[in-house]
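Visitor: I'd like a close look at one part of this protein: the surroundings of the first ligand. Could you start there and then work outwards into the rest of the fold?

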Amino acid sequence: MGITNHAKNFAPPSTDVDGKRNVIGLSLDELTAALGAHGLEKFRAKQVWSWIYFHGLTDFSKMNNLAKPARDKLADHFVIARPTVTQDQKSDDGTRKWLLKMTDGQEVECVHIPETDRGALCVSSQVGCTLTCRFCHTGTQRLVRNLEASEILMQVMLARDALNEWPSTKETRLLSNIVMMGMGEPLFNYENVAKALRIVMHGEGIAISKRRITLSTSGVVPMIKRCGDELDVNLAVSLHAVTDELRDKIVPINRMYPIKDLLQACRDYPGASNTRRITFEYVMLKGVNDSPVDAKQLVRLLRGIPAKINLIPFNAWPGAPFECSDRATIEKFGAIINDAGYAIPVRTPRGRDIMAACGQLKSSSVRISAAERAAIDKIIAEKEQAQGLNR
Ligand code: SAH
Ligand code: SF4
C-alpha cells in the first residue's frame with residue numbers, strides 16, 4: 001500500500017464534540033479563518049491561541065481579554081477538547097501511563113517518563129500500528145487507524161494538565177521532551193504528526209523546541225528526508241538487526257525498504273551532524289540478534305553516520321515469541337559498541353510494571369496468552385497482506 005493510500009484507508013474521524021468544532025489541532029491560520037467566519041477579528045485568534053496553548057485553558061469564559069459577547073460566541077460554536085482518561089496508572093519508578101479514549105471510542109496510550117528536573121512524553125501516532133514488528137505488542141493489535149493531528153496534540157495537552165505545567169513558561173518542567181515512540185508508525189501518518197508537532201513547537205504556545213523532539217521510525221524511507229526538511233526534529237531509527245535476512249523477519253517493513261536504503265536515508269538526513277546524531281534503536285533479543293558478531297557488524301554498518309546507539313532490553317508481553325538477552329550478553333554487546341567510540345548505550349526500561357515500557361503498549365486491556373499465538377499470527381498475516389509485505 002502506498003503512503004497516500006495508507007493515509008486514506010486509515011483516516012481518522014472528526015474530533016468535534018456535540019456539533020461544536022474542536023479548536024485543538026487547527027493551525028493558527030485555520031483558527032483565524034474559523035473565528036473569522038463568526039465575525040471575530042484576526043487578533044482575537046492570536047489571543048485565543050495563547051489562552052489555549054500557552055495557558056492551557058479549556059473554557060472560553062475564562063478568556064478575560066475578550067468581551068463577553070465574543071466569549072459567548074466562541075462557546076456557542078467551538079470546544080477546546082481533551083480525550084477522556086479511561087485509565088491513569090503510575091509505575092513504582094514514577095512513569096505514568098494514560099489510556100485515552102477518543103470521540104469514536106478508540107483508545108491510545110501515552111506515557112510520561114520523568115527524570116529529576118525534566119521528562120519525556122511518549123506520544124502515540126496511530127491506534128495500533130499497521131506494521132507487525134515481531135517483538136512489539138502494538139504490532140499484534142488488529143484495529144488500526146491514524147490519529148488526527150488534534151488527537152496527537154491532545155495527548156500533550158492532557159499530560160500538561162495532569163502535571164499542572166501551564167502556563168508554558170513554567171520554570172521546572174517535567175514535560176520537557178517529546179518522543180514520537182508510542183503506538184504507531186509516525187511516518188505512516190506524517191501529515192497529522194507534522195501538523196501536531198508544528199503546534200507543539202509554536203513559540204507562542206506550548207513552545208517545545210525541535211531539539212527536544214524525537215521521532216522514531218521503523219524505516220519508512222521515502223518520508224525520512226521530508227521529515228528532516230520540514231520538521232527538523234531529532235531522528236531515531238528502529239534498526240534491530242544487521243542483516244536483511246533477519247530484519248525482513250522481525251521488522252517486516254525491511255522487505256520494502258532494506259537496510260542499505262534505510263542507512264542511505266540516514267546519511268542524507270537533513271540536520272544530522274556530530275552534535276545532533278541519529279539514534280539507532282536496537283532491541284536485545286536473546287539468541288536472535290545479540291551476538292558479538294552482530295555488535296561488530298552494527299558498528300561497521302553505522303560507520304560514517306553521525307550516530308548514537310540505544311540498546312533496548314526487550315520488554316516482554318504475554319505471548320511474545322522472544323526473551324530478553326541476559327545481562328552479561330547485553331554488557332558484552334555494549335562493550336564492543338563502546339570500544340568503537342559510542343557512549344554508554346543501554347536504555348533503562350521504565351514502567352515495565354504497568355506495561356508502559358517500549359513495545360508493551362496496546363489499547364486493549366485484554367492480554368493475549370501464548371495459547372492464542374495462532375490468532376496473533378493470523379492478524380499479522382492479514383496486516384502484512386494489506387501492506388503488500390507478504391512473501
Ligand atoms: N513505530 C515506531 C515508534 C514506536 S516504537 C518505531 O518502530 O520506531 C518505539 C521503540 O520501541 C522502537 O524502537 C521499537 O522497535 C521498540 N520496541 C517495540 N517493541 C519493543 C519491546 N517489546 N521491547 C523493547 N523495545 C521495543
Ligand atoms: Fe509499529 Fe513501531 Fe511496533 Fe513496529 S515497533 S509494530 S513500527 S509501533
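Guide: Sure, let's start right at the ligand. The shell around ligand 1 is made up of eight nonpolar, seven polar and two charged residues. That is 17 residues surrounding ligand 1, with Cys 136, Ser 238, Glu 281, Cys 358 and Gly 359 as the closest. Keep in mind that this is a predicted model. Two strands are worth picking out here, since strand 10 (213-217) and strand 12 (278-284) each put at least two residues into the shell around ligand 1.

Now for the other ligand. Around ligand 2 you'll find Cys 129, Leu 131, Thr 132, Cys 133, Cys 136, Thr 138, Gly 139, Gly 184, Glu 185, Ser 218 and Ser 238. By class, the shell around ligand 2 has four nonpolar, six polar and one charged residue. Look out for Cys 136 and Ser 238: they are among the closest residues to ligand 1, and they also turn up around ligand 2.

From the ligand, follow strand 10 into the sheet. Strand 10 is mostly covered, with four of its five residues buried. Its parallel partner is strand 9 (residues 177-180), and three bridges join the two. If you want a spot to check on screen, find Val 179, which stands opposite Thr 214 in strand 10.

Val 179 leads on to another strand as well. Val 179 in strand 9 is the bridge partner of Cys 122, and strand 6 and strand 9 run parallel, joined by three bridges. Strand 6 (residues 119-122) is buried on both faces: Gly 119 and Leu 121 point one way, Ala 120 and Cys 122 point the other way, and all of them are buried. One step further along is strand 5 (residues 107-114), which pairs with strand 6 in the antiparallel sense over four bridges. Here Ile 113 stands opposite Ala 120 in strand 6. Strand 5 and strand 6 make a hairpin, with four residues between them.

Next, the packing. The largest nonpolar core has 112 residues, and Leu 153, Ile 178 and Val 200 are the ones that touch the most other members. Helix 6 (residues 190-201) is the top contributor to this core, giving eight residues. Both domain 1 (18-79) and domain 2 (84-387) give residues to the core, so it lies between them. Leu 153 is a good residue to click on: setting aside neighbours within four places in sequence, Leu 153 is in contact with Ile 24, Gly 25, Ala 196, Ile 199 and Val 200.

That brings us to the two domains themselves. The domain assignment gives domain 1 (18-79) and domain 2 (84-387). Taken over C-alpha atoms, the centres of domain 1 and domain 2 are 34 Å apart. Where they meet, 10 residues of domain 1 are in contact with 18 residues of domain 2. Helix 3 gives the most to domain 1's side of that contact, with four residues. That side of domain 1 has four nonpolar and six polar residues, and no charged ones.

Helix 3 (residues 42-54) is also where Trp 49 lies. Trp 49 counts as buried because 21 C-beta neighbours fall inside 10 Å, and the cut-off for buried is 20 or more. Not counting residues up to four places away in sequence, Trp 49 touches Leu 28, Leu 31, Glu 204 and Gly 205. Trp 49 and Ser 168 are 119 residues apart in sequence, yet 13 Å apart in space, C-alpha to C-alpha.

Finally, a few backbone oddities. Most residues other than glycine have a negative phi, and most peptide bonds are trans. The bond from Trp 166 to Pro 167 is cis, with omega near -5°. Pro 167 sits in the loop between helix 5 (149-162) and strand 9, and Asn 164 is found in the loop between helix 5 and strand 9 too. Asn 164 has a positive phi, near 55°. Asn 164 is exposed, because 9 other C-beta atoms lie within 10 Å. Asp 232 also has a positive phi, near 55°, and lies in the loop between helix 7 (221-230) and strand 11 (234-238). With 16 C-beta neighbours inside 10 Å, Asp 232 counts as partly exposed.

Technical notes:
Residues numbered from 1 in each chain as written. Chains lettered and ligands numbered in written order. Predicted model: local features only at pLDDT ≥ 70, side-chain atom pairs only at ≥ 80, totals over all residues. Core = buried A, V, L, I, M, F, W, Y, C linked by C-beta atoms within 7 Å. Buried ≥ 20, exposed ≤ 12 C-beta atoms within 10 Å, placed from the backbone. Domains from an automatic or database assignment. Contact = placed C-beta atoms within 7 Å. Near = placed C-beta within 6 Å. Nonpolar A, V, L, I, M, F, W, Y, C, P; charged D, E, K, R; others polar. Pairing = 2+ DSSP bridges.
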